[in-house]
Amino acid sequence: MARKAPISSKKRKSLPKRAAGHAAPNAEVTVEPDFVWTRKDLLGLDELSPREIVCLLETAESFKEVSTRSIKKVPAMRGKVVGLLFFEDSTRTRMSFELAASRLSADSLLFTAKGSSVSKGETTMDTVRNIEAMGVDVFVMRHGQSGAPHMVARQVEASVVNAGDGSHEHPTQALLDIFTMRQRLGGIAGKKVAIVGDIAHSRVARSNILGLRKLGAEVVVVGPPTLVPNAITAMGCSISHCLDDVLGEVDAINMLRIQFERFGGGLFPSLREYHKLYGMDAERLKRCRRDVLIMHPGPINRGVEITTEVADGPNSCILQQVTNGLAIRMAVLYLVSQGRE
Ligand code: CP
């Protein structure tokens with residue numbers, strides 16, 4: 001990876017302490033104080049080195065403090081414009097990127113496909129080029145097609161951040177998940193994480209497996225054979241088709257939503273049976289480690305992948321994930337806007 005000009009000392013001053021990336025206290029992977037982020041795009045965790053991932057986590061750690069101030073803003077991106085391109089629905093990711101841009105003092109432009117000229121036949125690339133012509137520095141893009149942000153990144157000058165592309169990757173979700181695990185478990189290396197449910201269609205699962213493995217965690221994916229492709233083991237995780245077998249041996253359990261919008265149904269007999277075999281409920285929670293972390297990227301289908309009792313119970317960190325997402329997205333916007341690869 002080519003190293004380019006470091007973040008200027010003037011820019012560093014606008015950041016809270018530690019934002020330039022220092023060694024992680026509890027993980028095996030550490031980042032040297034002189035490490036320089038160079039990427040202008042964040043398209044997936046696949047292309048990131050372990051040190052780049054830790055740099056993002058450490059930068060987010062610094063930005064977390066900003067949200068505790070009475071005036072919750074830093075001037076790190078003053079004068080920059082963030083274009084939020086949401087070709088697919090979102091609540092958490094869209095609002096958290098919008099707030100992150102605002103906390104960094106950037107202007108933001110929100111595009112949602114619903115109500116736009118997409119209905120008149122405008123292509124994705126024409127839409128993006130027209131918005132770029134308004135003077136955008138960073139695009140944040142969610143799209144139903146895997147690879148759409150990569151296509152855009154090849155054709156625009158602005159930075160591009162993948163906010164979820166089809167079944168491919170959702171890097172900022174995985175970063176906020178890993179950030180939360182690191183915060184709650186004291187580190188990532190050597191921890192064992194179960195990712196449960198619709199692995200086949202999940203960009204969250206793919207990005208989590210990539211990030212967790214790069215930081216030294218063990219990952220087991222759990223679900224029915226129709227929703228867990230055998231080829232997933234090439235990413236360095238193991239497979240179990242029995243949730244009850246893994247409950248007692250994991251530090252965190254990430255429950256995934258079944259992505260009906262990507263396959264329409266027919267891959268298991270009924271939601272009732274799915275819940276019986278793969279749903280997290282109070283009985284299963286009793287068989288877990290006492291301090292097991294229960295996670296979910298949202299949106300939740302209560303009573304399907306997780307019961308309300310568990311989702312809102314003491315082991316759940318679902319809302320903490322959302323809170324941490326803001327700091328992660330501030331870190332991502334800040335770093336890519338500095339990157340000049
Ligand atoms: N976790 C997640 O991506 O949620 P949204 O679809 O609401 O952004």
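Colleague: What percentage of the 341 residues of the chain count as buried?
Modeller: This is a predicted model, so every value is computed from it. A residue counts as buried when 20 or more other C-beta atoms lie within 10 Å of its own. Of the 341 residues, the buried share is 47%.

Colleague: How many helices and strands does the chain have, and what is its radius of gyration?
Modeller: The chain has 13 helices and 9 strands. The globule rule gives 20 Å for 341 residues, and the chain is close to that, so it is as compact as a globular protein of that length. Its C-alpha trace spans about 55 × 50 × 40 Å along the principal axes. The radius of gyration is 20 Å.

Colleague: What share of the contacts with a separation of 6 or more comes from residues 24 or more positions apart?
Modeller: Two residues are in contact if their C-beta atoms lie within 7 Å. Residues 24 or more positions apart account for a share of 76%.

Colleague: What does the domain assignment give, and what distance separates the centres?
Modeller: The assignment gives domain 1 (9-167 + 325-338) and domain 2 (171-321). Taken over C-alpha atoms, their centres are separated by 25 Å.

Colleague: Which element gives the most to the side of domain 1 that touches domain 2?
Modeller: 26 residues of domain 1 are in contact with 25 residues of domain 2. On the domain 1 side, helix H2 (50-64), H3, strand E4 (159-165) and H13 each supply at least two residues. That side divides into 12 nonpolar, 9 polar and 5 charged residues. With 5 residues, the element that gives the most is H2.

Colleague: Which helix gives the largest share of the shell around the ligand?
Modeller: The residues around the ligand are Ser90, Thr91, Arg92, Thr93, Arg94, Gly164, Gln173, Pro297, Gly298 and Pro299. They divide into 2 nonpolar, 6 polar and 2 charged. Domain 1 and domain 2 each provide at least three residues of the shell. The largest share, 3 residues, comes from helix H3 (residues 92-103).

Colleague: Which residue does a cis peptide bond join to Gly298?
Modeller: Gly298 is one of the residues around the ligand. Omega of its cis bond is about -5°. The partner sits in the loop between strand E9 (293-295) and helix H12 (308-311). That partner is Pro299.

Colleague: How many of the 15 residues of H6 are buried?
Modeller: Helix H6 (residues 171-185) reaches 21 Å from its first C-alpha to its last, close to the 21 Å expected. Its buried residues include Gln173, Leu176, Phe179 and Thr180. H6 is largely enclosed by the rest of the structure, because the buried number is 12 of 15.

Colleague: What phi does Gly186 take?
Modeller: Gly186 comes just after H6. Its phi is positive, at about 85°.

Colleague: What is the distance between the end C-alpha atoms of helix H13?
Modeller: H13 (residues 318-338) has 21 residues. Of these, 16 are buried, and the helix is mostly covered. At 1.5 Å a residue it should span 30 Å, which agrees with the distance in the model, 31 Å.

Colleague: Is Asn324 buried or exposed?
Modeller: Asn324 lies in helix H13. Leaving aside neighbours within four places in sequence, it is in contact with Leu176, Phe179 and Thr180. Asn324 and Phe179 are 145 residues apart along the chain, with C-alpha atoms separated by 7.3 Å. Because 24 other C-beta atoms lie within 10 Å, Asn324 is buried.

Colleague: Where is Phe87, and how far is its C-alpha from that of Gly144?
Modeller: Phe87 is in the loop between strand E1 (81-86) and H3. It counts as buried because it has 22 C-beta neighbours inside 10 Å. Beyond four places in sequence, its contacts are Ala113, Thr124, Arg142, His143 and Gly144. Phe87 and Gly144 are 57 residues apart in sequence, and their C-alpha distance is 7.1 Å.

Colleague: Which residue has a positive phi although it is not a glycine?
Modeller: Look in the loop between H3 and strand E2 (107-112). The residue counts as partly exposed, because it has 15 C-beta neighbours inside 10 Å. With a phi of about 70°, it is Ser105.

Notes. Residues numbered from 1 in each chain as written. Predicted model: local features only at pLDDT ≥ 70, side-chain atom pairs only at ≥ 80, totals over all residues. Helix = DSSP H or I, 4+ residues; strand = E, 2+ residues; numbered from the N terminus. Expected span 1.5 Å × (residues − 1). Rg over C-alpha atoms; globule rule 2.2 N^0.38 Å. Near = placed C-beta within 6 Å. Nonpolar A, V, L, I, M, F, W, Y, C, P; charged D, E, K, R; others polar. Domains from an automatic or database assignment.
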